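I opened this entry to keep a record of what I looked up. The notes are in the order in which I made them.

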Amino acid sequence: MTHSNPAQPNPSSANPDQSLLSPDSLPFEYSITRAPRKTMVIHVRHADVEVRAPQFVSTREIREFVTRHREWVVKKLAEKAGQDAQRLSLTDGGNIFYKARSLTVRYVADTREHIVVTDRDFCIHGRRLNDDVAARILQRWLLMQARSILPARARALAGYLQAGPRLKEVVFRKTRTKWGHCTASGRIQFNWLIMLAPDAIIDYMICHEVSHLLHMNHSRRFWAVVESVCPDYRVYVKWLKKHEHRLWL
Ligand SMILES: [Zn+2]
């Protein structure tokens, strides 16, 4: 969302940087950040609305700009609120989106640490459970699955694509932004949280990263390789876009 330069720059106007305005006509508040840019842009992060604007734009013009885009902002805020409500909350009674099913997290006092998935519940067993202990048990459980499945599949697929020798190692790391990563040196990294996703998504992720062994980019040739082993990859890309916010921990 961008806006062209205003016709009448007004450099002498008051400049309440980072101030919080609450115009009567708008159902939300927004902050203004002055930035070395030529156009105005609105960012919606969780419940925060921020307008980034050039120095020469007056606060009145900013308000007009926001008012013009109020429908869009209201829609975005609703979308973000919906996403926040769906986020993984690892606590007793919280929710987790496991294999595309929305389950309730239950803490069960037990001498042995393990996880039991039922129709409705995601039961974390262990002693002296609190949210940190539960997160550790979940991590161990998902890492164990990731280790037993992902390297073997990645190697098999690399072999099939005649890229076997290029795959040097498969490692696991939880990052905040990525499901997988492949370096030019042949090191594939998977985020073990992907094990929460349906198996088809996991297969797609393996296919995506292994295909990078042949093409270190997202070119047409790269996607052609992906498609050759995962013909409906577009469905999975779309699924991730729509649901991945529910898998981050
Ligand atoms: Zn990629």
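The entries below cover a metal site and two backbone angles.

Entry one, the model. I am working from a predicted model, not an experimental one.

Entry two, the zinc ion. I looked up which protein atoms act as its donors. I found three histidine nitrogens: NE2 of His208, NE2 of His212 and NE2 of His218. They lie 2.0 to 2.1 Å from the zinc ion. Along the chain, I noted the donor spacing as H-x3-H-x5-H.

Entry three, burial of the donors. Is His208 buried or exposed? I read a relative accessibility of 10% for His208, so this residue counts as buried, the cut-off being under 20%. For His212 I read 7%, and His212 therefore counts as buried. I made no entry on the accessibility of the remaining donor.

Entry four, Lys99. I checked phi of Lys99 and found a value near 50 degrees, which is positive although the residue is not glycine. I placed Lys99 in the loop that runs between strand S6 (95-98) and strand S7 (101-109). Its relative accessible area is 23%, so I put Lys99 down as partly exposed.

Entry five, Gln162. Where does Gln162 lie? I located Gln162 in the loop between helix H3 (131-160) and strand S10 (169-172). Phi of Gln162 is near 55 degrees, again a positive value in a residue other than glycine. With a relative accessibility of 71%, Gln162 counts as exposed, because exposed means over 50%.

Key:
Residues numbered from 1 in each chain as written. Predicted model: local features only at pLDDT ≥ 70, side-chain atom pairs only at ≥ 80, totals over all residues. Heavy atoms only, no water. Donors = N, O, S within 2.8 Å, 3.2 Å for Na, K, Ca; no water. Buried < 20%, exposed > 50% of the residue type's maximum accessible area, 1.4 Å probe, protein only. Helix = DSSP H or I, 4+ residues; strand = E, 2+ residues; numbered from the N terminus.
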